[in-house]
Amino acid sequence: MKIRRPRPVLTATISGALVLGALAGCSAATAGTTSSTDATTTTTISEVATTTDDALADNEDYTDLAALADETWDTADETTVSLAGDSATVSGDGATVDGSTVTITAPGTYRISGTLDDGQVVVSSEADGLVRLVLDGADITSSTGSAVAVTQADDVSVVLADGSSNSLTDASTYADTSEDAPNAALFSADSMVVSGTGSLDVTGNTNDGISSKDGLVIAGGDITVTAVDDGVRGKDFLVVTDGTLDVDAEGDGLKADNEDGTNDDGETVGYAALLGGTVTVASGDDGVHAESDLVVDGAAVTVAESVEGLEAAHILVVSGTVDVTSSDDGFNAAGGTSTTTDEAQGEAPTGGEPPASGTMPDGEPPQGGGGGGGGGMPGEAAGDYSLVITGGDVTVDAGGDGLDSNGTLTVSGGDVTVLGPTDGGNGTLDSAGALTVQGGTLLAVGTSSMLQTPGDGSEGWVAATFDTLAAGTDVTVVDSSGTTVAKVALTKDTQSVVLAAENVTTGEDYTIQADGADVTTATAGEAPATTGR
């Protein structure tokens, strides 16, 4: 599955430092520095991580697991596992065969090749030490459970041999459905890293495609995953450092779902980091979901189809490209998990429920210019959530909120284009707390009925509303000398534009054009007096 859509064109005559408050949403926001959910929880801009090292500093370390992908070994020490239809043979130590089931019981390197029409490779190794599975032309299908099931091991390294094509397909119904039983075509109860330069095609017919109940690192390979639930899941963490990952999942595409918060050592778990490689996702729910932190730094990420594109408590984009298409929020910095079921039933997502008493919650209320608002329900105070973009090329085409944070929203670099919603119940940008732009460029278009303009301390922004412009229209912002400062091709009907840029000068007039014809004029730094229709 390779889905590509035309990208909007942003004419980058805009650069440098700027500051922007919240733009559009459901409760007003400002470029202040502090917001709170109660008497004990506060979030300030200075506390929000702006580098990958800072964002992952308190998280469970993934680097030792990732380093296993770079280890070399003596091929003379390998145990060879040859698959042959409904049977297999083993040459070497550490593995046995019982019918069509191969069981690996000791650390070592196992080169697996051939076809298993109906069987499994099971790893059950009690001893300390790495179990390395080298898939070298392996095609494994099971009618009873996982194709490869690691039930016990110290660490597991799955290597896709150079030039090899491999395939793993699990059962439509598992024989063992107990709570701790394997539940993915490629499953590990312990930490697992997948690497190499070969290809791997994974089909999850019952649940997930690739899953680890500990940490999971994808460090290489050309990997395609199709799953009836989640595509690729690591419980404590999911990290992609290299390779190509193409996921088509009916549930979440990529997921780190440990809800415990921290492990026994006090390290944060439930995080995802896309630090390299190419990731393409089409999902029936979240494109990429993490319970704690979600970091993109150096990866090329395309979420071609999703309900929520990227979702986590804290989202940080440092570099790379992110292109998101979503039926609901494009980016969502929030707690809990919003699902298709919640949306269909009209329920507010977790963290977005209105106060039961109908009174304002404790904490600092959002502020800002214009009408409209931030993440969550109207009047909801900002929580301990953050969405930060410090670099990269970010494009969002969202049916719900474009960039949504139930806490703070910060842009300090990169090129950000948001094609927001058409309905008045959502906003192009939606921040419950401070929304600050300190560098880069930001261009947002969408509905006007909940338009929100920058708050105190902002600089270099211009906002305008107008009668509906149809999808396909080229919208251009020009300065008083006729110079184009930004341009975008609309993908849907649009009633507003907000642009923040270093060369937008407060107090000067800017003209909005549609296909070259003047639509309206706005003064930079002034909120529109009326909304479009």
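## A tour from the salt-bridge network to the second largest pocket

Select R233 and D208 to start: their side chains meet in a salt bridge, N to O at 3.1 Å (a salt bridge being a side-chain nitrogen of Lys or Arg within 4 Å of a carboxyl oxygen of Asp or Glu). The two come from distant parts of the chain, with R233 in strand β19 (residues 232-234) and D208 in strand β16 (residues 208-212), 25 residues apart. Helices (H or I, at least four residues) and strands (E, at least two) are DSSP runs, numbered from the N terminus.

Before going on, a word on what is loaded. This is a predicted model, where local features need pLDDT of at least 70 and side-chain atom pairs count only at pLDDT 80 or more, while totals for chains, interfaces and linings use all residues. Residues are numbered from 1 along each chain as its sequence is written, and side-chain values use heavy atoms, with hydrogens and water left out.

**Stay on R233**

Color by accessibility next. R233 is buried at a relative accessible area of 16%, and D208 is buried at 0%. Buried means under 20% relative accessible area, exposed over 50%, and partly exposed in between (1.4 Å probe, protein chains only).

Now add D257 to the selection. R233 forms a salt bridge with D257 as well, the closest N and O atoms being 3.2 Å apart. D257 sits in the loop between β22 (254-256) and β23 (271-274) and R233 in strand β19, so this pair ties together parts that are 24 residues apart in sequence. Both R233 and D257 are buried.

Then pick D252 and K255, another salt bridge, with 3.3 Å between the closest N and O atoms. Both D252 and K255 are buried. To see how this fits together, select D208, D230, R233, D252, K255 and D257: salt bridges that share partners join them into one network. Over the whole structure, a search finds 10 salt bridges.

**Zoom out**

Show the cartoon: the protein has three helices and 43 strands. Of its 533 residues, 56% are buried. For contacts (heavy atoms within 4.5 Å) with a separation of 6 or more, 62% are between residues 24 or more positions apart. Switch on the surface and you are looking at about 19,000 Å² of accessible area, 44% of which belongs to carbon and sulfur atoms; the areas come from the Shrake-Rupley method with a 1.4 Å probe, and for residues only the protein chains shown count as cover.

**Over to the second largest pocket**

Which residues should you select to find its centre? The second largest pocket holds about 320 Å³ of space. It is lined by 19 residues, and the closest to its centre are E47, A49, A55, D293 and H314. Elements giving two or more residues to the lining are α1 (52-56), β26 (293-305), β28 (314-326) and β31 (386-389).

On a 1 Å grid over the protein atoms alone, a pocket is an open set of points where a 1.4 Å probe fits, with protein on both sides within 12 Å along at least five of seven lines; lining residues have an atom within 4 Å of a point.

**Last stop: D515 and K487**

Go to D515, in the loop between β42 (509-514) and β43 (517-523). Check its phi: near 50°, a positive value in a residue other than glycine. D515 is exposed, with a relative accessible area of 55%.

Finish on K487 in strand β40 (residues 484-489), which is partly exposed at 30% relative accessibility. Draw a distance from K487 to A514: C-alpha to C-alpha it reads 9.8 Å, for residues 27 apart in sequence.

Definitions and conventions. Points joined across faces, edges and corners; volume = space filled by probe spheres on them.
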